[in-house]
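Here is a short tour of a two-chain model, going from overall build to a few local details. Have the structure open while you read.

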Amino acid sequence: MPDFSAALRGAIMLIGQRDGELLQIAGLSLFVSFSATAIAAVIGLPLGAALAMLRFRGRGAIVLGANALLGLPPIVVGLALYLLLSRIGPLGMLDLLFTPAAMVLAQTLLAIPIVTALAHRGLDAIWSEIGPAFQIDGAQTWQAMPHLLAIGRTQVLIAVLAGFGRAISEVGAIIIVGGNIAGHTRTMTTAIALETSEGNLGFALALGLLLVALSVTVSLVAFAVAGERRIVHHGRKP
Amino acid sequence: MRNWLPVFCGTLALGAAAPPPSVVLASTTSVENSGLLAHILPVFTRETGIEVRVLSLGTGQALAVAAHGDADLVLVHDPDAERAFIAAGHGVSTREMAWNDFVVVGPADDPAHVAGGHDAPVAFAAIRKAEAPFVSRGDKSGTDAQEKRLWRAASLDPASFKGGWYREIGGGMGAALNAAAAMGAYTLADRGTWLSFGNKGSLRIVIEGGGALINRYDVITLNPNEHRAEAREAAERLADWLLSPDGQAAIGRYQVGGEQLFHPGAAP
């Protein structure tokens, strides 16, 4: 059994070596998960804000759906996408199977419910405080959305980071639609699965520690950029 | 955050544009995980400029992916499944590329007292009699099919095994070896994966040699009507190269720890 301190030393050595293949794998992980998170944010944030601000037909169903899909199993998303993107599937002509784009698509589908549900929950309370003021001004409710997203940027950031966390950590979907092809669709999580299957448990754990470090770094940088030290200190914005 | 969105979307679009000539090879895990393909394919890519994208799957899954039209060439090791695949019209021809052998590995204390033998069905019968822990792949891979054939050769039916000593893990060769090492169980492994496996624990080879343990790897060219026309020529060049004197010599040169893992098997 490899022990954890050996894995930690291995992880530090890996960073020191700046191995080209490892950099490429880590880079692809970040590229795929950033892309998926960005697309999920573009869809999920306005949707979450709209759910907080507006009362429309089907609103309850969307809220219920987003919350129910928080636990969407990645392997099911992967399998369904595989059947859609397969050459004999309905979207086969797009030639997306076993490409990074297919992995972005899979992670986007996994992140959208998380971003939507958390944005809705976070912004709902804020809107019930500031909403009446906007309505007194006589403005169209939806025009207040940028203001709501700006005032609730802490909640927005948490929703987006939760989506990113889901994307960067999952392996079940991308190993099916990406295929874990060396130099093409191999990411940190699929590389960890591969190394484990080859019995290189210490190296697999070292990769795992690197992945955790990457994920934590992204969160810290995001908080720093947003100037949200309060989250770290107080748990939530007053 | 909003400023970055166009950059992400732009990079995404670039990533999807104009790929170089490439072949998707659906390969059984053993030739990939043992390092053979990483050793020989760069030679092919240097000579031809064709990039080979390897999907490392169990034989059953590799054939299923190819039957969906999602691979351009197949490299597997289950003669029965290959015959069914060809009969179903998915493949055109199957040619032997290389061979090595299976080994039965087990814990050092050898509870079924089978170590040192060469007759796998006899050893399997002894393991059954002792009800010593046995890990089965249970994933319809080539090795799984071979294991089932060995039980049948011992006049035993794995579907009837009771008592928890026979454990189907539904995983790859590496997962089965990890499980066998952790449980002190016997399992059947291909020699390539076994030699390059990093977590052997107390496992060692208990049965090797003998005609029942031959393991042949075949290249299957696919039905042109079901597969990517643009990759067909590149896939044929890869198949021809693997079976050519150059490809066969590269396969024969590959060693792990001073031991040759695969023997060239193409008909001259």
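Helices (H or I, at least four residues) and strands (E, at least two) are DSSP runs here, numbered from the N terminus. Read that way, chain A runs α-α-α-α-α-α-α-α-α-α-α along the sequence, with eleven helices and zero strands. Chain B also gets eleven helices, but twelve strands go with them.

A bit of housekeeping: this is a predicted model, in which local features need pLDDT of at least 70 and side-chain atom pairs count only at pLDDT 80 or more, while totals for chains, interfaces and linings use all residues. Residues are numbered from 1 along each chain as its sequence is written, chains are lettered from A and ligands numbered from 1 in the order in which they are written, and side-chain values use heavy atoms, with hydrogens and water left out.

**Overall build**

The C-alpha atoms of chain A fill a box of roughly 65 × 50 × 25 Å along the principal axes. For chain B, the C-alpha trace spans about 60 × 55 × 40 Å along its own axes. The radius of gyration is taken over C-alpha atoms, and the globule rule is 2.2 Å times the number of residues to the power 0.38. Chain B has 20 Å, which agrees with the value near 18 Å for a compact globule of 268 residues.

As for burial, buried means under 20% relative accessible area, exposed over 50%, and partly exposed in between (1.4 Å probe, protein chains only). In chain A, 47% of the 238 residues are buried; in chain B, 51% of the 268 residues count as such.

**Aromatics in chain B**

Rings of Phe, Tyr and Trp (its six-membered ring) pair if their centres lie within 6.5 Å; planes under 30 degrees apart are stacked, over 60 edge-to-face, and the rest tilted. That rule gives 13 aromatic pairs over all chains. Two of them share Phe161(B):

| Pair | Centre to centre | Between planes | Type |
|---|---|---|---|
| Phe161(B) and Trp165(B) | 4.8 Å | 40° | tilted |
| Phe161(B) and Tyr166(B) | 5.0 Å | 75° | edge-to-face |

Phe161(B) and Trp165(B) are both buried, and Tyr166(B) is buried too. These three belong to one aromatic cluster along with Phe124(B), Phe134(B) and Trp151(B).

**Helix H8 and some positive phi angles**

Which residues of helix H8 (residues 173-183) of chain B are buried? They are Met173(B), Gly174(B), Ala176(B), Leu177(B), Asn178(B), Ala179(B) and Ala180(B). Right after H8(B) comes Gly184(B), with a positive phi near 65°.

Most residues other than glycine have a negative phi. Asp110(B) goes the other way, at about 45°. Asp110(B) sits in the loop between strand E4 (91-107) and helix H6 (120-130) of chain B. Ser155(B) also has a positive phi, near 60°, and lies in the loop between helix H7 (142-153) and strand E6 (166-168) of chain B. Buried or exposed: what are Asp110(B) and Ser155(B)? Asp110(B) counts as buried because its relative accessibility is 11%, whereas Ser155(B) is exposed because its relative accessible area is 67%.

**A loop residue in chain A**

Over in chain A, Met93(A) lies in the loop between helix H4 (74-85) and helix H5 (100-136). Met93(A) is exposed, since its relative accessible area is 66%.
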